[in-house]
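Hello,

Here is the structure I promised to pass on to you. Please open it alongside this email, and have a look around before you read my notes.

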Amino acid sequence: MKLRQSNLNKLENTTFDVLIVGGGINGAVSAAALAARGVSVALIDRGDFAGFTSQQSSNLVWGGIKYLEGGELGLVIKLCGSRNRLIRAYPSSVREVRFFASIEHGFRRSRFTLFLGALLYWMIGRFFTKPPRLLSQADIAREEPRVAPRGPGGFEYSDAYLVDNDARFVFNFVRAALDHGAIAVNYVASLGSERDPDGLWSTRVRDEEDGHSWTIRSKVLVNAAGPYVDQLNAQNGESTGHTHVFSKGVHLIVKRITPEPRVITFFADDGRLFFVIPLGPVSCIGTTDTRVDDLPPRVEASDRSFILDNVNKRLLLEQPLTEADIIAERCGVRPLVVPKQEQGGTVDWVALSRKHIVEVNQTDKHISIFGGKLTDCLNVGQEIADAVTYLGIALPYPKRRWYGEPDDSIRDEFFHQAKLMGLDSLTAKESSEPLSTRLWRRYAASALALLDDIRQDPSMAEVLIKGTEYIRAEMHHAAQREMVTKLSDFLRRRSKIALIARTEEIKVAPGLLDACEILFGPLAQRKLDEYFGPHSVTAHPPAHATGSASGPGIPAASQSSRPASAQQPSQAQEPLSPQQASSPQSAFPEASRPPASSAGRLARS
Ligand SMILES: Cc1cc2nc3c(=O)[nH]c(=O)nc-3n(C[C@H](O)[C@H](O)[C@H](O)COP(=O)(O)OP(=O)(O)OC[C@H]3O[C@@H](n4cnc5c(N)ncnc54)[C@H](O)[C@@H]3O)c2cc1C
């Protein structure tokens with residue numbers, strides 16, 4: 001909490017070169033790219049970093065094989081390049097994964113045509129991954145016996161995935177920005193911005209934790225509010241040539257369906273690609289693609305039945321999956337960018353690709369980021385740095401590398417030290433990988449400090465919340481360096497505990513209270529109440545209420561038969577603050593806004 005408080009103080013007393021509103025992937029990479037090059041940057045989000053769309057993705061880093069069918073060769077070339085760059089830059093957290101695709105009789109394309117498409121995709125990806133493979137029905141039956149025989153076979157190809165999760169990936173960019181001097185604070189909302197007569201932006205903001213508000217001044221304003229970009233622009237009197245339409249995507253999380261570390265892929269009843277994605281001890285199934293107009297999106301009963309019906313039809317499971325098998329749900333909207341004149345329904349929105357547009361208003365020194373993907377994040381960071389330079393902000397260190405894992409020498413030193421102290425012998429039995437591998441991936445160079453903590457006090461290597469793999473040293477690290485402001489920030493975004501265990505199980509997990517005390521000190525009870533509801537977990541609970549030290553902890557993949565609809569809301573349905581749920585109110589009277597200008601606008605895709 002100290003980091004947040006000290007950053008709040010700095011937000012109040014500094015005029016920044018750039019203020020970025022929105023800490024999803026687009027805002028996070030923008031902050032990282034600018035801060036590393038020496039620009040003074042502030043980043044605010046009215047929720048947690050990655051707490052909106054960026055925590056609801058499919059966790060894939062992919063070149064967009066499906067866009068080949070629509071002939072979007074340029075986009076696929078660009079996305080494959082972005083994917084390869086991310087795999088190279090983050091070898092431990094962005095990894096190649098095989099997609100095992102099966103085709104059904106009567107599908108719109110033959111198995112061979114699709115295989116040729118996969119070959120073309122591999123070539124466009126500059127042969128960076130393993131080559132695709134044509135699969136007969138016999139191959140599928142032998143290698144993935146859970147796939148129901150419904151056609152002539154299929155094909156296998158490669159893309160990549162985020163080993164931890166999307167939100168952690170985003171947070172690591174926020175952390176990198178902080179390391180380079182950016183002032184990033186979560187739970188701070190923009191209430192609206194206006195241009196002052198001296199040419200600076202004044203943005204009225206409110207601390208959503210204590211309600212106090214003040215003004216942040218900046219030379220340039222970046223609107224990275226994701227699906228709320230249009231709303232914020234309207235509030236600030238900024239007019240743009242582009243706008244968003246929304247496509248809702250839902251994923252359901254169930255216990256792990258197939259042991260193989262690959263993505264089971266098929267074409268669902270609506271003809272779209274559909275995935276069963278491994279995520280540690282669970283599988284993430286989806287997704288849907290439904291046009292919606294209202295935010296935030298909600299999981300409907302029809303979304304659940306679409307996903308369950310499709311997976312039950314195409315996989316041979318001992319028991320068909322039902323709502324009772326759902327451990328958690330994910331639900332977000334893809335903000336799809338369209339030129340403004342095409343907005344009113346004339347556009348074939350399902351076929352819209354997921355490109356991004358950076359729209360720059362030179363007169364107002366204002367930038368809006370539309371659309372995008374996690375996969376394309378390095379390009380967004382670079383384009384924002386270019387746009388900010390174009391608006392007259394000098395980058396003192398223009399060539400400074402702003403992304404990627406540390407050099408091999410630091411990595412080697414970490415693994416050498418870990419080996420000498422026998423770190424991997426302390427790996428929790430529920431962990432799917434050696435402790436050293438996980439610590440390096442999550443904390444990179446900072447993992448060396450964790451080794452030191454464990455050397456000083458071996459209890460630092462104990463798993464704290466039983467049934468998860470997170471150790472005591474990580475809680476201390478999170479408390480100091482990861483701006484965990486609410487319990488959900490840790491359970492759902494810095495870690496993936498809330499994705500692999502049901503709320504009811506987390507609530508009684510031994511160690512939860514200790515973890516909260518490390519994270520929040522005297523505020524532990526308040527934070528527990530905020531997450532689980534008042535008095536459902538107490539800081540000094542009777543033994544029967546919290547489980548005992550020898551209790552079961554969180555099962556590796558929960559098998560509770562509790563119906564999903566009766567559970568606490570998943571993080572996808574995490575209650576939103578009133579500000580998130582309603583339209584932001586303008587901080588400035590309408591009449592005092594500067595006239596919208598489109599002069600000097602520069603659009604890039
Ligand atoms: C179902 C689904 C699956 C997807 N799968 C993939 C995938 O596998 N691979 C891939 O590359 N991409 C995927 N995407 C796309 C990708 O997730 C999104 O394009 C990306 O996360 C959008 O990031 P963003 O930063 O623009 O928006 P967001 O993550 O929504 O961030 C915007 C932030 O702005 C904040 N904000 C809004 N208004 C204000 C305000 N007034 N003051 C302060 N803060 C504010 C919000 O709280 C939010 O955190 C998927 C998307 C969906 C929905």
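Below is what I found in it, starting with the ligand and ending with the backbone. Please keep in mind that this is a predicted model.

**The ligand and its surroundings**

The ligand has 39 residues around it, and the closest are Gly22, Gly24, Thr53, Gly226 and Gly249. Two or more residues of this shell come from each of helix 2 (25-36), strand 2 (41-45), strand 8 (188-195) and strand 16 (328-339). Strand 16 contributes the most, with four residues. By type, the shell is made up of 20 polar, 15 nonpolar and four charged residues.

Where does the ligand lie with respect to domain 1 and domain 2? Domain 1 (2-54 + 167-244 + 341-402 + 582-604) gives residues to the shell, and domain 2 (64-163 + 245-337) does too, so the ligand lies between them.

**Helices**

Helix 2, which you have already met at the ligand, also packs with helix 9 (residues 377-390). Their axes are 8 Å apart and meet at an angle of about 55 degrees. An angle from 35 to 65 degrees falls between roughly parallel and roughly perpendicular, and the two helices are therefore oblique to each other. The crossing of helix 2 past helix 9 is right-handed.

Helix 10 (residues 408-420) lets you do a quick check with a ruler. Its 13 residues, at 1.5 Å a residue, should span 18 Å, and the C-alpha atoms at its ends are indeed 18 Å apart, which agrees. After helix 10 comes Gly422, which has a positive phi near 65 degrees.

**Backbone details to look at**

There is a cis peptide bond from Gly286 to Thr287, with omega near 20 degrees. Thr287 sits in the loop between strand 14 (282-286) and strand 15 (290-292).

Another cis peptide bond runs from Leu295 to Pro296, with omega near -10 degrees. You will find Pro296 in the loop that joins strand 15 and helix 8 (301-314).

Finally, Asn59 is not a glycine, yet its phi is positive, at about 65 degrees. Asn59 belongs to the loop between strand 2 and strand 3 (60-61).

Happy browsing, and do write back with any questions!

Best wishes

Note on methods. Residues are numbered from 1 along each chain as its sequence is written. This is a predicted model: local features need pLDDT of at least 70, side-chain atom pairs count only at pLDDT 80 or more; totals for chains, interfaces and linings use all residues. A residue is near a molecule or strand if its C-beta atom, placed from the backbone, lies within 6 Å of it. Ala, Val, Leu, Ile, Met, Phe, Trp, Tyr, Cys and Pro count as nonpolar, Asp, Glu, Lys and Arg as charged, and the others, Gly among them, as polar. Domain bounds come from an automatic or database domain assignment. The expected span of a helix is 1.5 Å times one less than its number of residues. Axes are lines fitted to C-alpha atoms, for helices over the stretch in contact, and angles run from 0 to 180 degrees between N-to-C directions. Angles under 35 degrees count as roughly parallel, over 145 as roughly antiparallel, 65 to 115 as roughly perpendicular and the rest as oblique. A crossing is left-handed if the near helix is turned anticlockwise from the far one by less than a right angle, and right-handed if clockwise.
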